[in-house]
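Good morning, and thank you for making time for this. I would like to take the group through one structure, with attention to its charged side chains and its backbone.

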Amino acid sequence: MPGQEIPRGLHVQIDMGTGQRQARLMVEDDSVDKQGFANKIAGSDIIEVVDADDRSGQVLLANNIAGNSNTQKPMGFVIDAGEGLVDHTTSAQLDRELEELKELAYDTEQAERLMQEPGIVPALLRLSDPTHTPISWPIYTRQLSSAVLGTLVQNNPALQGIAYRAGAVYSLLHILKHEYDAKTAGKHIFALSALTRGYAPALEQFVDLDGFQLLHSLGPHASTAYIGGEVESAKVDLRIIRFVEDLLNPELNPNVNQNATSKILQFTVTWCNTLARRLIDNLGGKYGDDGESVTYRHRVPYLDSLQLLKLAYADTCQLPNDFEAWAQAELSRIDDAKDGDNEDYRQALIDLDYRALTGNN
């Protein structure tokens, strides 16, 4: 509805035809604020220190969880696995328990019960980690673990806070940096985006830990190093585009501190130029199995993100001098081809040409 406030944590886009904002839930297949918690990251492990008052409160909540037969069995098995008490030969059972937890996580009440168990976040992070010693869990287990964590915390500041205080921002950046499977990397990005979107402490820590630089390094050129093929690698690239778009959206993150705001503005300069340059350079010349149309579809999110950034950061998001000539050449090429299948791409070029490119002049 016009004028209606958009809840924090939703994915926001602008309808280029009407100028109206549209919001939807995130898609998976997408200074510490409490003194009592301290975290130390040692390799892939998380060492959590909780003061006595907090622990006694958590024990009471954990006892409440223990009475709930829906959560007790899968959660206990997952925590045992994360603590190294489950043999890797039982990975099939672990996957079943994670799948059950993921279904439970869609229910807010169940998610809140699960997240009050002190061991659940560290367990999920260890299961997601490709560098976990003595041996990492299989790809599908890592995918499920990050998917569960993201589903648990998305659009819920209280649960985002629990994961943040358990060291999830540190760990997910470490996990994403070392992941080698494209589809699994996408799940880690989903978890990280669910944790940071709309929750200022996590976003500020993400910025301080050079999270933007990590995402920038995982561009279309670097993503070819993933296993899983070009299609999955392209999906990772698009997830990063959407994730950064939301991180840079001031409507989703209105309460970040001045230091983070300054770094976000600095990165906006880099990111606008990067998106434009990747388009001009044909995204590394990558094509899909069904030909050039895949490249067109891949380009639309780049153009949409540039449009949104230009609207939000008119003075900061400056495009390269040769971008306008490239866009006009693309429009001429599409018009000459008379290919109706590329209408979305054509419209995105027109919108950006009209509203954004003129801002450079």
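Let me begin with a question: is Glu343 buried, partly exposed or exposed? Glu343 counts as partly exposed, because its relative accessibility is 37%. On this scale, buried means under 20% relative accessible area, exposed means over 50%, and partly exposed lies in between, with a 1.4 Å probe and protein chains only.

Two remarks on the source. This is a predicted model, in which local features need pLDDT of at least 70 and side-chain atom pairs count only at pLDDT 80 or more, while totals for chains, interfaces and linings use all residues. Residues are numbered from 1 along each chain as its sequence is written, and side-chain values use heavy atoms, with hydrogens and water left out.

Now the chain as a whole. It contains 16 helices and four strands; these are DSSP runs numbered from the N terminus, helices being H or I with at least four residues and strands E with at least two. Of its 361 residues, 52% are buried. About 16300 Å² is exposed, and carbon and sulfur atoms supply 50% of that, by the Shrake-Rupley method with a 1.4 Å probe, where for residues only the protein chains shown count as cover.

I turn to the salt bridges, of which the structure holds 11. The criterion is a side-chain nitrogen of Lys or Arg within 4 Å of a carboxyl oxygen of Asp or Glu. Glu343 pairs in this way with Arg346, at 3.7 Å from N to O. Both residues lie in helix H16 (residues 343-355), three residues apart, about one turn of the helix. Arg346 is also partly exposed, because its relative accessibility is 26%.

A second pair, Arg333 and Glu330, meets at 2.7 Å, N to O. These two are separated by about one helical turn because they are three residues apart in helix H15 (residues 323-337). Here Arg333 is partly exposed at 32%, whereas Glu330 is buried at 7%. Together with Arg299, they are linked in a network of salt bridges.

The next pair links distant parts of the chain. Arg142 forms a salt bridge with Glu179, with the closest N and O atoms 2.7 Å apart. Arg142 is in helix H6 and Glu179 in the loop between helix H8 (168-178) and helix H9 (182-196), 37 residues apart. Both are buried: Arg142 has 0% relative accessibility, and Glu179 has 6%.

What surrounds Arg142 in sequence is helix H6, residues 139-153. H6 reaches 22 Å from its first C-alpha to its last, close to the 21 Å expected, the expected span being 1.5 Å times one less than the number of residues. In H6, 13 of the 15 residues are buried.

On one side of H6 is the loop from H5, which holds Asp129. Which side chain of opposite charge is nearest to Asp129? It is Arg142, 7.1 Å away; Asp129 is buried yet has no salt bridge. Asp129 does make a polar contact of 2.8 Å with the side chain of Thr131, that is, a pair of N or O atoms within 3.5 Å, where within protein one must be able to donate a hydrogen and the other to accept it, and residues adjacent in sequence count only if both atoms are side-chain atoms. Pro134 is found in the loop between H5 and H6, and the Thr133 to Pro134 peptide bond is cis, with omega near 10 degrees.

After H6 comes Asn155, whose phi is positive, near 60 degrees.

Terms used. Lys, Arg positive; Asp, Glu negative; His and termini not counted.
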